[in-house]
Amino acid sequence: MSFRRPDPLHPLILDDVRGAQKMLSGVARVTAMEGSRYLSSLVGAPVHLKCENLQRTGSFKLRGAYVRIAGLRPEQRAAGVVAASAGNHAQGVALASALLGVHSTVFMPVGAPLPKVAATREYGAEVRMHGHVVDETLAAAEEYAAETGAVFIHPFDHPDIIAGQGTVGLEILEQCPEVRTILVGVGGGGLVAGIGLAVKSVRPDVKVIGVQAEGAAAYPPSLAAGHPVAIESPVTMADGIKVGRPGDVPFAIVREFVDEVRTVSEDALSSALLLCLERAKLVVEPAGASPVAALLSDPKAFQGPVVAVLSGGNVDPLLLQRILRHGMAAGGRYLSLRLRVTDRPGALATLLAVLTVVDANVLDVSHVRTDPRLGLTEAEVELHLETKGPEHCEEVAAALRDAGYVVMA
């Protein structure tokens with residue numbers, strides 16, 4: 001059956017989400033709710049992590065994709081489905097189609113992370129690489145749908161998709177009935193719309209707050225304008241929420257059921273990902289870590305108990321490596337310095353001895369003697385150090401100054 005409603009301003013009701021929950025029984029996992037002592041201490045109230053990163057395919061996307069495809073008529077299923085995605089939606093459509101016996105074609109941009117491409121194929125989809133940005137990939141998928149009659153499965157702009165994603169909200173109420181605030185990462189808006197509708201229909205006292213990356217925040221200006229507004233060239237490491245324009249269907253629901261949409265910085269996103277890995281032992285992609293980034297950025301702003309939805313964990317290992325480095329730098333765990341020393345034998349060893357005393361681990365040393373800015377007896381040394389946090393960084397810099405070195409950066 002389909003969950004589409006005739007009124008575009010109110011396309012869904014709570015019964016639609018409950019129907020989706022029944023449909024997903026035995027298909028989607030009821031993902032774990034894990035407490036976080038560290039975040040609870042920051043917020044001053046219990047904080048729980050809703051672990052959709054542990055969902056089948058590694059994200060919440062299976063929920064909406066399955067409900068959408070299951071609602072197709074027999075002749076539509078026979079024609080197959082098509083989607084465009086760089087990762088999570090691709091895998092959700094691929095697995096949902098395989099479970100329902102429907103052929104799926106997924107267009108992915110050239111340069112999409114190889115693990116995500118491989119996983120999509122392994123779930124049974126026919127993968128076609130096209131375009132270098134998602135807009136080009138989306139156009140190719142829509143053209144394919146027009147030519148072949150395959151049903152295009154939009155990642156967020158359809159009532160069935162939102163009904164499926166809304167089942168996360170029903171699970172939160174069952175697992176944490178005392179919840180007062182729910183934080184959700186926001187891209188096109190399908191997940192936060194579904195959660196907002198489901199939760200507010202049962203518990204209007206619970207605050208539902210969306211979180212967007214600062215460089216890809218289309219919802220704040222759209223909500224201010226009263227209609228979806230496109231932003232040009234969204235930029236963020238959180239590719240799962242890098243969407244330039246809210247969907248029409250989720251936007252109407254977000255306006256009605258979501259209390260607020262906040263933004264977070266790239267530094268906050270990388271720090272949140274690092275915290276999830278170190279403290280919660282959970283691998284989370286940047287988009288999935290955005291609710292945690294909001295808690296780190298303004299921990300006293302939220303009434304507890306708080307539930308942060310970790311929407312996905314599909315992160316490319318190479319990107320994860322770069323993000324972890326960025327997160328460690330943002331957290332004061334890396335320190336880069338430039339200073340000048342006398343160009344004589346043993347000068348570098350003397351410098352490194354100072355760092356040994358203050359227990360700074362040297363990751364890289366660059367030693368320059370030929371720069372025209374240097375005096376005849378000078379050399380410039382650039383150091384990249386691993387430290388224990390901001391206070392340790394200050395201690396290292398102070399030790400160098402006390403030893404007579406001029407720290408330049």
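A residue counts here as buried when its relative accessible area is under 20%, as exposed when that area is over 50%, and as partly exposed in between. Keep those cut-offs in mind while moving through this structure, which is a predicted model.

**Stop 1: a lysine in a loop**

Select lysine 281, which sits in the loop between helix H12 (266–278) and H13. Is lysine 281 buried or exposed? Its relative accessibility is 65%, and because the cut-off for exposed is over 50%, lysine 281 counts as exposed. Look at the backbone as well, where lysine 281 has a positive phi of about 60 degrees although it is not a glycine. As background, most residues other than glycine have a negative phi.

**Stop 2: a threonine with a positive phi**

Move next to threonine 57, in the loop between E2 and helix H3 (61–70). Threonine 57 also is not a glycine and has a positive phi, of about 70 degrees. Its relative accessibility is 6%, so threonine 57 counts as buried.

**Stop 3: the sheet**

Now display the strands and find the open sheet of six, which follows the order E1-E2-E10-E7-E8-E9 with mixed pairing. Strand E1 (33–35) and strand E9 (260–264) stand at the edges, and because each has a single partner strand, one side of each is left without a neighbour in the sheet. From one strand to the next, the twist averages 25 degrees.

**Stop 4: strand E7**

Select residues 181–185, which make up strand E7. Five of its five residues are buried, so E7 is largely enclosed by the rest of the structure. Which residues cover each face of E7? Thr181, Leu183 and Gly185 lie on one side, Ile182 and Val184 lie on the other, and all of these are buried.

Add strand E8 (residues 207–213), which pairs with E7 in the parallel sense over five bridges. Within this pairing, leucine 183 stands opposite isoleucine 209 in E8, and glycine 185 stands opposite valine 211 in E8. Following the chain from E7 through H9 to E8 traces a β-α-β crossover that is right-handed. Then add E10, which runs parallel to E7 and is joined to it by three bridges; here threonine 181 stands opposite valine 306 in E10.

**Stop 5: helices across the sheet**

Show helix H9 (residues 190–202), which lies across E7, E8 and E10 and runs at about 170 degrees to E8. Helix H8 (residues 159–175) lies across E1, strand E2 (47–51), E7 and strand E10 (306–310), and its direction is at about 140 degrees to E2.

**Stop 6: helix H1 and its partners**

Select helix H1 (residues 14–24), whose buried residues are Leu14, Asp16, Val17, Gly19, Ala20 and Leu24. What do the buried residues of H1 pack against? They pack against H3, H8 and H9. With H3 also shown, the axes of H1 and H3 come within 10 Å and cross at roughly 95 degrees, and the two helices are therefore roughly perpendicular to each other. The contact is made by Ala20, Met23 and Leu24 of H1 together with Arg63, Tyr66, Val67 and Ala70 of H3. Step past the helix to glycine 26, which follows H1 and whose phi is positive, near 85 degrees.

**Stop 7: aspartate 259**

Go to aspartate 259, in the loop between helix H11 (248–257) and E9. Aspartate 259 has a relative accessible area of 40% and is partly exposed. Leaving aside residues up to four places away in sequence, aspartate 259 touches Lys200, Val206, Lys207 and Val208. A polar contact of 2.8 Å joins the side chains of aspartate 259 and lysine 200, and a polar atom of the side chain of aspartate 259 also lies 2.8 Å from the backbone nitrogen of valine 208. For a sense of distance, select valine 249 too: valine 249 and aspartate 259 are 10 residues apart in sequence and 17 Å apart in space, C-alpha to C-alpha.

**Stop 8: a cis peptide bond**

Finish at proline 305, found in the loop between helix H13 (286–297) and E10. The peptide bond from glycine 304 to proline 305 is cis, with omega near 0 degrees, a point to set beside the general rule that follows. Most peptide bonds are trans.

How values were computed. Residues are numbered from 1 along each chain as its sequence is written. This is a predicted model: local features need pLDDT of at least 70, side-chain atom pairs count only at pLDDT 80 or more; totals for chains, interfaces and linings use all residues. Side-chain values use heavy atoms; hydrogens and water are left out. Two strands pair if DSSP finds at least two bridges between them. Helices (H or I, at least four residues) and strands (E, at least two) are DSSP runs, numbered from the N terminus. Axes are lines fitted to C-alpha atoms, for helices over the stretch in contact, and angles run from 0 to 180 degrees between N-to-C directions. Contact means heavy atoms within 4.5 Å. Buried means under 20% relative accessible area, exposed over 50%, partly exposed in between (1.4 Å probe, protein chains only). A polar contact is a pair of N or O atoms within 3.5 Å; within protein, one must be able to donate a hydrogen and the other to accept it, and residues adjacent in sequence count only if both atoms are side-chain atoms. A crossover is right-handed if, with the strands pointing away from the viewer, the path from the first strand over the helix to the second runs clockwise. Angles under 35 degrees count as roughly parallel, over 145 as roughly antiparallel, 65 to 115 as roughly perpendicular and the rest as oblique.
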